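Welcome! Please take a moment to look over the sequence and the model, and then read on for a short guided tour.

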Amino acid sequence: MQSDENETGDTNRFTTIILLLVLGIAAFLRLRNLDRTSLWYDEAVSWRQSSGSMAELLSSVAADNYPPLHNILLWLSLPVLGDSEIALRLPSAILGILAVWLLYLIGKELAGRNVGLLAAALLTISPFHIWYSTEARMYALLTATGLLMLLGVLKLLRKPSWPWMAIVAVSGALFLYSHIYALFGFAGVGLVCGLYAVRDLLRGFKPSASNSFIASAAMGISVVLFLPWLIILAGRAKAVADAGFWIAYPDLPFLESMTFGITGSINLFWVLTVLATVTILFQSIRPIMRQAVSIDSRALLVCLGFTIAPVLLAYLYSVTVQPILFDRYLSAAWPVLLLLASIGAVRLTGRYVAFALVPLAVYLSFSNLQFTLFEKVRPDWRLIASEFEEKSDPGDLLYLYKGFAAPALSYYLREPNAFTAVEGVSNIDPPSDQQSWLLLVHSNPEEMNSALNAFAPNSREPVARAFGWGASALSLYSHDENSTQADN
């Protein structure tokens, strides 16, 4: 791993100034307009699961498909920050900024300050990372805890110490408790460290003399700490498999769409992939490269395992068992691809010319960046709830079809008995003596027609309509034939 001991004090100060500038831009892009969009279904689920007692939180998350760390973080922050949209998303925004700093530290540890700065700058302007740093879900947490664990492992591979062993053990457990996909990144790092540890032991090294063994041991403590929830997830696996999953099969169009969603540009993806490939292929012939960066091969393979394993393992599971590969689940792997590409850029062009990769990335992904910052929206529950409150009277009956969206509607109506959530059209039976409403959510045309026929056969134009997924979007209908219908 490269040392920066030969850099002057002026260079260090300049690096610090640039890093602070990068972190300032990262903070601005992630903290601005946190309430620009309303909460969507999953964010509202996080709110509901985190709003009760700790026992209720653990019970509700145990019945779901992910570990509880993000919900625990919200449970701790809700009494302090409240539960506004900004308050619910603020922990993710802070973790997103932290991830930029951690990526700099990893780059510095692996290949020097310039690589760290370049990787941090690329993550700062990543539309994908910005978006999921402004969402009240676990993806920013997954990224930050994963990068902290990765930094700790690199530190142990270079020079073991008790503090960094503790950091790896704790951060590895936090990583595993953040999202089920952490298992893949963790496995990639653990496999590399484990293979090097076996090699060292076969060569006669004592365990205390093998840095790879020490890193593996620290990660083993993480696994022990995660074991209680791993048992819970294993128990849920069969139920999830039997029920099926909503993610599509990873055919070529799906993979192209996912790649664009992560990188913001297919052309940028190929630029980054070529540069990352340069990093790997030219590790053994670095003396012929300009401004060569000396990197420990173990550390490089650890980073490669961290970013490749989630994609490869999830893809193999998707084509052999059931689809689970999805873009936001790869949020921890994405920064390390940027890091590997940054090393390749420095190797090919030198430490200063390599920073041209930042404006190139902005240029190639600019439309996606602009869309993310100003136009991209989530289902507009705030608007549809406001329309219902404005147009309805106290005592009116509201049906929500489908029931999975109940947390989002509950968040904005704030009345536990304000609506009835139904899963099937047979449960839609509006009384003749009471004003009734129907809110259609995430439904295809056939479902829409069935629900409307059960609710009000003569009503086909919604009273109000807001953005949402599916042919129905978020569509509010009134059973009162005399109510004023809005244009669709």
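The report below goes from the whole chain to some single residues.

**The chain as a whole**

What you see is a predicted model. The chain averages a pLDDT of 91, and 92% of the residues score at least 70. Two stretches deserve a more careful eye. Over residues 288-292, pLDDT stays under 50, and the model has eleven contacts beyond four places in sequence for them. Over residues 481-488, pLDDT also stays under 50, with 15 contacts beyond four places in sequence.

The secondary structure comes to 20 helices and five strands. How does the overall size fit the length of the chain? A compact globule of 488 residues would have a radius of gyration near 23 Å, and the 25 Å of this chain agrees with that. Taken along the principal axes, the C-alpha atoms fill a box of roughly 85 × 45 × 45 Å.

Of the 488 residues, 53% count as buried. The chain exposes about 21300 Å², and carbon and sulfur atoms supply 63% of that area. Among contacts between residues at least 6 apart in sequence, 76% join residues at least 24 apart. As for charge, there are 31 positive and 36 negative charges, and their mean positions are 18 Å apart.

**Residues in helices**

Let us begin with isoleucine 25, which has its place in helix α1 (residues 9-31). Isoleucine 25 counts as partly exposed because its relative accessibility is 38%, and the range between 20% and 50% carries that label. Along the sequence, isoleucine 25 and isoleucine 125 are 100 residues apart, yet their C-alpha atoms are 8.4 Å apart in space.

Valine 100 sits in helix α5 (residues 85-111). Is valine 100 buried or exposed? At 0% relative accessibility, valine 100 counts as buried. Leaving aside neighbours within four places in sequence, the contacts of valine 100 include Val22, Leu23, Ala26 and Arg30. Others among them are Ala120, Leu123, Thr124 and His129. The C-alpha atoms of valine 100 and threonine 143 are separated by 9.8 Å, with their positions 43 residues apart along the chain.

Further on, threonine 145 lies in helix α8 (residues 139-158). Threonine 145 is buried, with a relative accessible area of 8%. Which residues does threonine 145 touch, apart from its neighbours within four places in sequence? They are Ser171, Leu174, Phe175 and Ser178.

A whole helix can be looked at in this way too. Helix α2 (residues 41-49) is mostly covered, as seven of its nine residues are buried. These are Tyr41, Glu43, Ala44, Val45, Ser46, Trp47 and Gln49.

**Two loop residues with positive phi**

Arginine 414 and alanine 473 both deserve a look at the backbone. Arginine 414 is not a glycine, yet has a positive phi; alanine 473 is not a glycine either and has a positive phi too. The table sets them out.

| Residue | Phi | Place | Relative accessible area |
|---|---|---|---|
| Arginine 414 | about 60 degrees | loop between α19 (406-413) and β2 (420-421) | 42%, partly exposed |
| Alanine 473 | about 50 degrees | loop between β4 (464-466) and β5 (474-478) | 8%, buried |

Alanine 473 counts as buried because its 8% is under 20%, whereas arginine 414 is partly exposed at 42%.

Key. Residues are numbered from 1 along each chain as its sequence is written. This is a predicted model: local features need pLDDT of at least 70, side-chain atom pairs count only at pLDDT 80 or more; totals for chains, interfaces and linings use all residues. Side-chain values use heavy atoms; hydrogens and water are left out. Helices (H or I, at least four residues) and strands (E, at least two) are DSSP runs, numbered from the N terminus. The radius of gyration is taken over C-alpha atoms; the globule rule is 2.2 Å times the number of residues to the power 0.38. Buried means under 20% relative accessible area, exposed over 50%, partly exposed in between (1.4 Å probe, protein chains only). Contact means heavy atoms within 4.5 Å. Accessible areas come from the Shrake-Rupley method with a 1.4 Å probe; for residues, only the protein chains shown count as cover. Lys and Arg count as positive and Asp and Glu as negative; His and the chain ends are not counted. The place of a charge is taken as NZ of Lys, CZ of Arg, CG of Asp or CD of Glu. pLDDT is the predictor's confidence in each residue, from 0 to 100.
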